[in-house]
Every structure is written in structure tokens, then in C-alpha cells.
Amino acid sequence: MPTPPAPSPRLVIFDLDGVVYRGPEAIPGAATLVSALRAAGVATRFATNNSMATRSAYAERLAGLGIVASPEEIVTSTWATITHLEAHEPGLRRLLAVGAEGMLAELRHAGYDATYAGDAAGADWNGAPLALAYDAVVTGLDPHVTYRTLGIASAAIRAGARFVATNADLRYPTPGGLMPGAGAIVAALQAATGQRPLVIGKPEPAMFQAILEADGILPQQALVIGDNPDADVPAARRSGIPVVLVLTGVTDAAAAASLDGEQTPDWIAAGPAEVADLLGLTLS
Ligand SMILES: [Mg+2]
């Protein structure tokens with residue numbers, strides 16, 4: 001693989017799981033790399049497809065791993081969805097949400113009139129007309145989703161609400177194994193309505209584009225550090241951002257060496273120390 005010239009970014013976007021931490025454990029050197037970047041005047045963002053927790057909750061989690069991050073430096077797929085809608089779909093105000101409490105809290109904090117689909121007035125099997133006056137249905141991972149929730153969301157989409165997915169991850173890793181992800185809920189609604197959603201999270205480019213737009217940064221001035229060639233790398237490629245694949249998460253060296261197409265990163269680094277080398281930074 002030809003190696004491009006070393007990057008000199010103004011902003012670095014870290015993926016979280018597999019790059020900054022792995023489950024409950026910090027990845028060695030990640031906190032030092034973050035500090036070295038900031039000392040060099042480089043802005044940092046921490047981006048996750050997860051839609052369930054608030055940015056503040058992630059900032060607290062990072063603090064527990066020795067990384068000081070403000071909520072404004074955290075990018076969740078919910079934040080990216082809000083930022084995308086504000087910039088590109090300002091007419092959408094009344095939202096029907098299929099997602100966790102953290103997603104609802106973020107939507108409301110951003111000023112949206114957001115109703116949880118499980119709380120929405122609607123018909124049962126034989127019942128009264130559904131309340132369908134929603135501009136958009138926004139989906140995330142909803143640990144309390146029910147058949148009724150899906151029915152109300154489907155009815156709203158069929159009645160013309162825009163269908164927006166914070167992310168379309170089919171599976172959600174837990175300590176007990178893989179559980180259905182937000183994308184499994186999307187798939188159910190897509191099957192029921194025949195409508196395809198606008199997807200914000202990785203591997204789609206909208207989440208990274210939202211970061212660039214919010215900061216007024218060009219793609220070539222940013223750098224993505226990710227561990228997942230199915231998500232981080234294509235999202236970076238589709239948004240024009242150079243990308244380093246690190247081997248501290250889901251990809252090992254053998255798998256990294258055989259990637260092709262839009263899964264191919266610009267650089268491969270074993271971990272934070274090699275990323276620092278690539279960027280010409282000294283880790284203390
Ligand atoms: Mg990851």
C-alpha cells in the first residue's frame with residue numbers, strides 16, 4: 001500500500017471503542033496521545049455511533065479513563081443527527097423518537113418537540129386514528145422498543161414523516177454477546193414501510209461531515225483514527241478525511257493488510273504510539 005505524506009491535521013476525530021478504550025479498559029497511550037495533540041494545538045473530537053447516552057455521560061466516562069474531554073468534544077450519532085437536521089432540514093421541528101432516554105434528552109435539549117413513540121397517542125389493532133402530525137421519525141437503539149412503538153413509528157413514516165436513523169448498526173456488542181442494534185430497528189421500520197432512512201452514523205459520511213461543518217474545517221485538515229474498516233474507514237473516505245486504522249480494536253494486522261476498496265485506510269498504526277510517530281509528536 002503506498003503511504004501518503006504524513007498528515008498535519010487541525011482536528012483529530014477519535015473513534016471510541018477500540019481506539020480510546022476497549023470495554024472498561026483504557027487503551028494504553030491513548031490519553032497521552034490526546035494530550036500531545038492538544039499541546040500541539042490540534043483540536044480533538046471523540047465520535048461514536050452510539051445514540052443512547054448523552055455527550056455529558058461520555059465525557060464522564062472518558063474522565064474515568066484519565067481523558068479530560070468537554071461534552072462539546074463528544075460526538076454521538078444523536079448529536080450528529082441534530083447538527084445535520086439544524087443545518088440541512090431546519091423545517092423539521094416535531095419529532096417522533098424511537099430511542100433511549102439519552103437520545104430523547106439530547107433532542108429536547110436542542111429545542112425539538114420530541115415525543116417518544118412509546119408515549120405517543122395512537123391506535124391499537126382496531127382503534128382510533130393515529131396522531132400522525134410528525135415532521136420526522138428519528139431512530140436509535142431503543143432498549144424498550146415494542147410492537148406498538150414500531151407500529152406508531154411506521155404509521156408516522158407512511159403518513160409522510162421523514163425517516164432519519166442516527167445509525168444503522170445491526171448488532172450491539174454487550175458483555176453477554178451481540179444484541180440487536182439500532183439498525184435492527186431501522187430494518188423493521190424499513191420492512192414495514194418500504195421507506196429507506198437517511199442514515200447519519202458511520203459508515204455514512206453525515207456524522208463526520210457534521211463535525212467538519214460545525215468547526216468550519218475542510219476534510220483535508222482533519223484526521224480520523226478508527227479501528228473498524230466497516231465503519232470508521234468508509235465514513236472517513238466518503239467524507240474526504242484522511243484515516244489511520246489502528247490495531248487496538250476489531251482489526252488485527254493480517255486483516256488490515258488485506259483490506260481493499262473503501263475499507264483501505266491511508267495509514268495503519270499498531271496503536272497510539274505509532275500514531276504519534278506518524279504525526280511527528282513526542283509522547284511524554
Ligand atoms: Mg471502534
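**Exercise 1. What covers the buried residues of α3?**

Solution. This is a predicted model, and the helix is best located before its surroundings are listed. Helix α3 spans residues 77-88, which makes 12 residues, and from its first C-alpha to its last it reaches 16 Å, close to the 16 Å expected at 1.5 Å a residue. The next step is to find its buried residues, where a residue counts as buried if 20 or more other C-beta atoms lie within 10 Å of its own. In α3 these are Ser77, Thr78, Trp79, Ala80, Thr81, Ile82, Thr83, His84 and Leu85. Nine of the 12 residues are therefore buried, and α3 is largely enclosed by the rest of the structure. The elements that cover these buried residues include the helices α2, α4 (101-109) and α7 (206-215), together with the strands β5, β8 and β9.

**Exercise 2. Work out the order of the strands in the open sheet of six strands, and follow the pairing from β5 to β13.**

Solution. The order in this open sheet is β5-β4-β1-β13-β14-β15, and the pairing is parallel. The edges are β5 (74-76) and β15 (267-269), since each of them pairs on one side only. From one strand to the next, the twist averages 25 degrees.

Starting at the β5 edge, three bridges link β5 in the parallel sense to strand β4, which holds residues 43-48, and Phe46 has Ile74 of β5 as its bridge partner. Helix α2 (residues 55-64) packs on the sheet here, touching both β4 and β5, and its direction makes about 130 degrees with that of β5.

One step further on, β4 pairs with β1 in the parallel sense over five bridges, and Ile13 is partnered by Arg45 in β4. On the way to β13 (residues 222-226), β1 is joined by four bridges to that parallel strand, and here Ile13 stands opposite Val224.

**Exercise 3. Decide why strand β1 can be called largely enclosed.**

Solution. The strand covers residues 11-15, and four of its five residues are buried, so β1 is largely enclosed by the rest of the structure. Its place in the sheet order, with β4 on one side and β13 on the other, can be read alongside this result.

**Exercise 4. Trace the pairing of β9 with β8 and with β12, and state which way the crossover from β8 turns.**

Solution. Strands β8 (residues 136-139) and β9 (residues 162-165) run parallel and are joined by four bridges, with Val137 having Phe163 of β9 as its bridge partner. Between these two strands the chain passes through helix α5 (residues 147-158), and the resulting β-α-β crossover is right-handed. Strand β9 is also joined to β12 (residues 198-199), again parallel, by two bridges, and the partner of Ala165 in β12 is Val199.

**Exercise 5. Describe the chain as a whole, and explain why it counts as being as compact as a globular protein of its length.**

Solution. The inventory comes to 10 helices and 15 strands. The radius of gyration is 19 Å, close to the 19 Å that the globule rule gives for 284 residues, so the chain is as compact as a globular protein of that length. Along the principal axes, the C-alpha atoms fill a box of roughly 65 × 35 × 35 Å. Buried residues make up 48% of the 284 residues. Finally, among the contacts with a separation of 6 or more, 68% are between residues 24 or more positions apart.

Notes: Residues numbered from 1 in each chain as written. Predicted model: local features only at pLDDT ≥ 70, side-chain atom pairs only at ≥ 80, totals over all residues. Pairing = 2+ DSSP bridges. Right-handed = clockwise from strand over helix to strand, strands pointing away. Axes fitted to C-alpha atoms, helices over the stretch in contact; angles between N-to-C directions. Contact = placed C-beta atoms within 7 Å. Rg over C-alpha atoms; globule rule 2.2 N^0.38 Å. Expected span 1.5 Å × (residues − 1).
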